[in-house]
There are 2 protein chains.
Amino acid sequence: MTSAPTSPLTDPWPKSPVLQTAYRARVAATDLAPLPRAAKDDALLAMADALEVRTKEIVEANAADVARAREAGTSEAIIDRLTLTPERVRAIASDVRDVVALPDPVGEVVRGSTLPNGIDLRQVRVPLGVVGIIYEARPNVTVDAAALCLKSGNAVLLRGSSSAYHSNTALVKVLRDAVGGSGLPADAVQLVPGEGRDSVAELMRARGLVDVLIPRGGASLIRAVVEQSTVPVIETGTGNCHVYVDAQADLDMAVEILVNSKAQRPSVCNAAETLLVHQDIAAAFLPRALDALAEAGVTVHGDERVVALAEQLEGSKATVVPAVVEDWETEYLSYDIAAAVVDSLDAAVAHIRLWSSGHTEAIVTTSQMAARRFTQLVDSTTVAVNASTRFTDGGQFGFGAEIGISTQKLHARGPMGLPELTSTKYIVTGDGHTR
Amino acid sequence: MTSAPTSPLTDPWPKSPVLQTAYRARVAATDLAPLPRAAKDDALLAMADALEVRTKEIVEANAADVARAREAGTSEAIIDRLTLTPERVRAIASDVRDVVALPDPVGEVVRGSTLPNGIDLRQVRVPLGVVGIIYEARPNVTVDAAALCLKSGNAVLLRGSSSAYHSNTALVKVLRDAVGGSGLPADAVQLVPGEGRDSVAELMRARGLVDVLIPRGGASLIRAVVEQSTVPVIETGTGNCHVYVDAQADLDMAVEILVNSKAQRPSVCNAAETLLVHQDIAAAFLPRALDALAEAGVTVHGDERVVALAEQLEGSKATVVPAVVEDWETEYLSYDIAAAVVDSLDAAVAHIRLWSSGHTEAIVTTSQMAARRFTQLVDSTTVAVNASTRFTDGGQFGFGAEIGISTQKLHARGPMGLPELTSTKYIVTGDGHTR
């Protein structure tokens with residue numbers, strides 16, 4: 001015979017540091033969930049202020065990571081992403097203030113009606129609970145993720161790269177002090193202890209304590225999490241994006257969109273990786289496109305028809321090499337693009353279905369029918385008509401912030417803002433209704 | 001050097017029967033996705049008609065399953081669920097016609113705006129693609145799931161219980177003939193081949209071919225799928241639902257809601273399994289509640305205070321046995337209920353947090369403050385105020401149909417209707433916009 005326990009925390013208290021951290025996050029999440037916007041915004045403002053006031057200790061901690069990275073011979077591009085300067089810390093604090101200005105998704109009534117029997121039904125947004133983020137060596141993600149999760153009433157478990165260990169430790173200390181100082185539970189923001197793969201593995205099995213895992217970064221990490229996690233996962237990131245130039249297209253527009261999609265910032269997931277050109281326009285478009293790509297420093301990995309056409313060009317600066325099968329599925333993230341001539345719009349769609357990662361595909365066309373068919377048939381997070389693939393972005397979409405870009409179909413698809421960090425619950429209100 | 005392939009079906013064609021089935025489903029899903037409502041509704045009407053016209057062969061096939069179940073000594077309750085009569089087949093056909101009347105979720109614009117740069121942004125619903133349903137020996141689910149998936153533009157992979165093998169084979173044959181006859185791909189509706197656990201295991205690893213798995217039925221099956229699947233899963237079902245009677249409550253209403261929640265249909269997931277009573281109202285409420293539960297044939301598994309109170313009752317027919325720890329977490333699905341006296345509303349919430357499966361919890365109260373606090377603090381798919389737990393149901397909620405009740409937070413939570421069988425995509429339309 002047992003009385004009903006009155007606290008979820010009496011027993012059992014887990015032994016492992018990772019699970020203890022997750023447990024503390026769950027307790028914090030329970031406290032966060034019913035908080036009104038004002039309380040959360042106060043904490044966010046305190047976070048932003050603290051980042052600015054304590055910039056020195058953050059930059060010093062970061063210097064240790066940068067020094068270690070240099071010793072390890074890390075590439076300059078990655079060191080640049082890792083580095084925090086006082087200006088960058090100010091910019092990060094400013095991003096937190098932008099989150100303050102966003103509406104609180106929690107409490108939003110998604111659906112509501114009075115049922116025929118008089119019951120009032122409301123579906124309202126609630127926090128997910130505990131959100132785990134596994135990410136690469138970008139210290140700004142530490143703060144972004146903490147701010148977005150706090151705003152949406154979630155406790156966050158941050159598992160950054162070990163190469164940013166000192167930076168993340170310093171940042172999280174500053175954030176926790178600010179959150180605690182404003183009267184909210186400091187455990188709303190926690191680093192996952194441990195640097196090895198083991199702690200990630202524990203996190204992936206913490207079903208019941210962790211509500212969702214969002215892996216960001218390398219394809220191998222994301223695949224490992226998807227395959228091994230019993231905690232629900234939101235897959236992010238890989239972008240093998242296509243630009244299709246239709247038989248009827250404004251050539252100037254097509255060149256501009258192509259070059260912008262490929263070369264404006266090649267290292268990001270919404271950059272274009274493959275060009276598909278309708279055969280009817282290939283002879284008119286490709287010479288200009290190849291020149292423009294060459295001018296932007298882009299190497300073209302062309303199929304037989306692209307290579308044949310390039311070989312006929314006189315005085316062209318085009319850099320065209322023959323494509324191999326792997327080119328069609330490669331996310332270069334560099335000044336490279338695969339290119340093929342296709343027989344029809346439907347052939348372009350078939351190519352995209354076969355090879356695309358389902359991130360973003362663009363069509364350039366003056367034909368209403370082609371635009372409509374392409375948007376109907378292509379099943380990616382985003383289909384762009386006469387616009388660059390580079391617009392697939394939470395900031396560009398007006399979401400104000402982004403926790404990642406989901407390339408899966410469940411829960412969230414495309415750029416994820418604050419609403420995507422929530423679930424819902426139904427509230428059923430009656431006057432003693434029974435069935 | 002390679003030309004771009006133009007069909008996703010040229011290579012590789014998988015060897016295993018399960019994966020071949022999934023592959024055919026993916027092809028069918030591609031054809032279904034852009035279909036307008038009228039084409040899908042025509043196929044649904046053809047399905048309903050075919051079920052009625054071919055009732056005889058369905059009932060005969062079912063008789064073989066029923067005979068085999070009887071030989072195996074299956075319980076009458078399960079045999080009843082398995083059995084198809086001409087009347088039941090007509091009712092199933094009628095359910096399909098109800099689905100015809102529901103709006104098509106595909107194409108619904110969920111969000112839309114013109115961005116500051118003039119780009120038009122639209123988020124529209126699209127089918128998930130290939131939906132796998134793993135379910136128990138209820139042949140009506142075979143038809144329900146096929147109808148709901150077809151209406152929402154999805155291809156369905158049906159993995160029913162082997163004890164309903166002949167019934168499901170006959171039903172799917174009828175449905176496929178109807179779908180194919182109306183000009184849609186018959187492979188929109190398929191049984192997963194094989195009867196053993198191996199074929200379920202293959203389905204769970206068919207990531208990329210199957211977009212979501214929805215396991216229905218026993219807790220052990222659902223746990224196995226959640227733990228082993230690399231395909232995203234929507235967890236359904238377990239309902240350890242609570243009724244909390246607050247310090248201030250209409251006693252008549254409380255008794256009615258309690259008995260209805262527990263005893264109107266004890267075998268379903270939205271039936272109540274635990275009663276929590278505020279200590280201030282226990283002496284007034286429990287004698288009436290225990291009598292009413294006894295009259296409904298319910299055995300009460302009481303904590304110390306409930307047992308002590310029951311022992312003081314004279315002339316009561318109450319059936320009260322001492323509760324053990326397991327009672328707080330048990331989904332009886334029978335004429336049993338756990339019962340405890342709690343010190344406060346917050347203690348009730350703490351008990352629910354610790355033990356509930358997060359399905360449905362009801363509060364009976366006349367206090368606005370108590371109702372508000374309970375709905376804020378309880379984090380389950382559904383919180384009922386002065387209403388029976390039995391209302392958590394797609395039909396009751398006005399969704400017209402239900403593919404299951406999700407008890408997870410990601411993607412869908414609570415009763416899942418047609419919109420929950422969709423994902424979304426963004427359509428970005430510009431006039432040559434670049435960044």
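## Exercises on a two-chain model

At 36% relative accessibility, B:L333 counts as partly exposed, a class that lies between buried (under 20% relative accessible area) and exposed (over 50%), with a 1.4 Å probe and protein chains only. This is a predicted model, in which local features need pLDDT of at least 70 and side-chain atom pairs count only at pLDDT 80 or more, while totals for chains, interfaces and linings use all residues. Residues are numbered from 1 along each chain as its sequence is written, chains are lettered from A and ligands numbered from 1 in the order in which they are written, and side-chain values use heavy atoms, leaving out hydrogens and water.

**Exercise 1.** Find the loop that holds B:L333 and describe its phi.

*Solution.* Start with the flanking elements: B:L333 sits between α13 (325-329) and β11 (336-342) of chain B. Helices (H or I, at least four residues) and strands (E, at least two) are DSSP runs, numbered from the N terminus. Next, look at the backbone: phi of B:L333 is near 55 degrees, a positive value in a residue other than glycine. Then turn to chain A, where A:L333 has a positive phi of about 55 degrees and lies in the loop between β10 (320-322) and β11 (336-342).

**Exercise 2.** Work out the surroundings of strand β16 (residues 422-433) of chain B.

*Solution.* First take burial: 10 of the 12 residues of β16(B) are buried, so the strand is largely enclosed by the rest of the structure. Now find its partners, remembering that two strands pair if DSSP finds at least two bridges between them. Strand β2 (residues 120-127) of chain B runs antiparallel to β16(B) over eight bridges, with B:P127 bridged to B:T422. From the other chain, strand β13 (residues 382-387) of chain A pairs with β16(B) in the parallel sense over five bridges; here A:T382 has B:Y426 as its bridge partner.

**Exercise 3.** How are the two copies related?

*Solution.* Recall that two copies of a chain are related by a rotation about an axis and a shift along it. Superpose them by least squares on the C-alpha atoms of residues with pLDDT of at least 70 in both. Chain B falls on chain A after a rotation of 180 degrees with 0.0 Å of shift along the axis, at RMSD 0.0 Å. The two copies are therefore related as by a two-fold rotation axis. In chain B, the C-alpha nearest this axis belongs to B:H411, 1.7 Å away. Finally, compare the surfaces: 100% of the contact residues of chain B (contact means heavy atoms within 4.5 Å) recur in chain A, and the same surface serves both copies.

**Exercise 4.** Is B:S367 buried or exposed, and which backbone nitrogens does its side chain reach?

*Solution.* Begin with the position: B:S367 lies in the loop between β12 (360-364) and α15 (368-377) of chain B. At 11% relative accessibility, B:S367 counts as buried. Its side chain reaches the backbone nitrogen of B:M369 at 3.3 Å, and the backbone nitrogen of B:A370 is 2.9 Å from a polar atom of that side chain. Last, not counting residues up to four places away in sequence, B:S367 touches B:D246 and B:Q248.

How values were computed
Polar contact = N/O pair within 3.5 Å; in protein donor to acceptor, adjacent residues only side chain to side chain.
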